[in-house]
Amino acid sequence: MGFKIGLLGLGTVGTGTVQILLNPSQRHPLVQELELYRVGVRSLEKSRAVDLPPSIITTDLDAIVTDPDIDIVVEVMGGLEPARSLILKAIAHGKHVVTANKAAIARYGAEIFTAAEKAGVYVLLEAAVGGGIPVIEPLKQSLCANRLHTVTGIINGTTNYILSRMQTEGGDFASILADAQRLGYAEADPTADVDGLDAADKIAILASLAFGGRIKLPDVHCEGIRQVSAADIAYAEKLGFVIKLLAVAKREDLTTETPTTETATLQVRVHPTLVHTSHPLASVSGVYNAIVIEGEPIGQVMFFGPGAGAGPTASAVVADILNIAAILKVERGTTTRSNGLPLLDPLLACSHQDYCTIAPMADLVTRFYVRFLTKDFPGVIGKLGTCFGNHNVSLESIVQTGLRDDLAEIVVVTHHVREGNFRTALDEIRVMEAVSSIASTLRVL
């Protein structure tokens with residue numbers, strides 16, 4: 001028995017989600033058990049990037065969230081309404097929900113999660129923060145044994161893109177914002193991004209997970225980047241800093257050794273910040289996102305990756321769908337294994353039985369750095385180049401760095417070449433009269 005999915009929205013993220021569901025090859029085996037049952041759209045006439053049977057597409061969104069055959073409702077419409085009402089109606093009809101809607105969760109999370117707890121269903125939201133970066137589930141599961149102190153993130157790609165270009169080009173905010181809008185990195189109305197509102201939604205969600213309490217969105221201090229000037233960027237660089245729009249959630253130091261949700265006091269804030277170039281967030285540029293989480297006993301961990309886009313966000317959406325499907329599979333399949341034991345969670349249990357085929361190193365295609373020590377004979381560089389060429393090894397650069405203990409030091413960097421060809425060439429070079437030794441060989445990323 002498969003798991004029937006009702007999808008609300010077929011925009012960028014919805015389309016990416018459909019593309020994964022319709023192409024399960026080389027993904028987790030559980031993806032094959034997901035059935036795209038109904039898809040809700042605003043218009044039937046709009047052209048789509050995916051080819052779906054007309055029978056599963058509808059503009060009746062209520063019919064999807066109330067359909068008794070649907071197991072999981074996936075909301076990727078965005079916006080506050082009707083997303084909020086549809087999520088609540090799905091919960092009321094016993095549906096598990098997956099959503100990418102950070103705005104609805106940040107504002108109505110208390111209402112939604114209270115309803116879900118009462119109905120005994122899950123609401124998962126990995127895609128709501130950080131696009132394809134897995135950070136929600138690590139906070140809920142992988143890091144749950146830690147006492148977390150701080151969550152600090154670059155969680156808005158538009159502002160990070162603008163600030164990165166201001167730093168590299170020395171341009172001013174207004175002109176780079178206009179260019180970002182032209183290129184599609186910023187919305188026509190950029191308010192939510194450049195004024196920090198989008199980042200505030202996201203840090204409210206992360207803070208609630210990290211510190212085990214609900215966050216009132218109006219309590220999140222929020223500043224945007226409109227006031228950051230090219231002069232500020234330049235002075236920061238002279239002082240050894242870069243300017244980033246940071247979202248920070250931090251538990252203040254408490255006198256009690258066993259703080260509770262009731263006694264903990266938090267800082268939750270969004271604002272432009274000077275970040276020292278040695279900090280791991282300083283090198284996060286362009287539209288990328290990153291979140292640094294600090295706690296005890298783990299110390300510091302960092303999550304980095306694309307913070308938006310069809311593929312990355314859909315990756316997180318489908319991961320949540322699989323988490324729910326795994327739970328449902330266990331609930332439905334008691335004592336179904338051949339040995340009579342209860343069925344294991346397919347995401348936690350080993351799902352692979354066959355051995356992988358590992359390619360031999362000789363077939364690797366990569367670049368190489370190699371350093372030769374040669375006798376000071378005329379024409380030695382030419383002989384090296386000829387030998388490499390005879391074995392289809394293309395050279396990117398070749399440099400003679402001078403004499404060392406009466407030996408010439410020659411450094412070669414190749415283009416991407418087959419390792420077997422490269423090694424065969426080295427074997428011939430090693431026995432050349434002019435070559436004293438091959439001092440070092442390293443692969444180049």
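**Pockets, cores and a ring cluster**

The largest pocket holds about 1,100 Å³ of space. Please keep in mind, as we walk through it, that this is a predicted model. Its lining is made up of 42 residues, and those nearest the centre of the largest pocket are K102, E187, D198, A308 and G309. Several elements each give two or more residues to this lining: α1 (12-21), α4 (102-119), α6 (157-169), α8 (191-194), α9 (197-211), β11 (288-296) and α11 (310-332). Among these, α9 provides the largest share, four residues. By character, the lining of the largest pocket divides into 18 nonpolar, 16 polar and eight charged residues.

Let us move on to the second largest pocket, with about 560 Å³ of space. It is lined by 24 residues, and G109, A110, F113, S208 and R214 are the closest to its centre. Here the elements giving two or more residues are α4 and α9, and α4 gives the most, with nine residues. The lining of this second largest pocket consists of 15 nonpolar, four polar and five charged residues.

From the empty space we can turn to the packed interior. The largest nonpolar core has 65 residues, and the members that touch the most others are V135, I162, I203, L206 and I293. Helix α9, which we met in the pocket linings, gives the largest share of this core too, at nine residues. To get a feel for the packing, try centring your view on I162: beyond its neighbours within four places in sequence, I162 is in contact with F173, I176, L177, A180, V194 and I225. Another core lies apart from the largest one; it has 35 residues, including L7, V18, V39 and A314.

Finally, have a look at the aromatic rings. The whole structure contains five aromatic pairs. One of them joins F368 and F422, which are stacked with 3.9 Å centre to centre and 5 degrees between the planes. Because F368 sits in strand β13 (residues 365-375) and F422 in helix α13 (residues 419-430), this pair ties together parts that are 54 residues apart in sequence. Both F368 and F422 are buried. F422 also forms a stacked pair with F388, at 6.0 Å centre to centre and with 10 degrees between the planes. F388 belongs to helix α12 (residues 380-390) and F422 to helix α13, so this pair ties together parts 34 residues apart in sequence. Like F422, F388 is buried. Taken together, ring pairs link F368, F372, F388 and F422 into a cluster.

How values were computed: Residues numbered from 1 in each chain as written. Predicted model: local features only at pLDDT ≥ 70, side-chain atom pairs only at ≥ 80, totals over all residues. Heavy atoms only, no water. 1 Å grid on protein atoms, 1.4 Å probe; cavity = no way out; pocket = protein on both sides within 12 Å on 5 of 7 lines; lining within 4 Å. Points joined across faces, edges and corners; volume = space filled by probe spheres on them. Nonpolar A, V, L, I, M, F, W, Y, C, P; charged D, E, K, R; others polar. Core = buried A, V, L, I, M, F, W, Y, C linked by side-chain atoms within 4.5 Å. Buried < 20%, exposed > 50% of the residue type's maximum accessible area, 1.4 Å probe, protein only. Contact = heavy atoms within 4.5 Å. Phe/Tyr/Trp six-rings, centres within 6.5 Å; stacked < 30°, edge-to-face > 60°.
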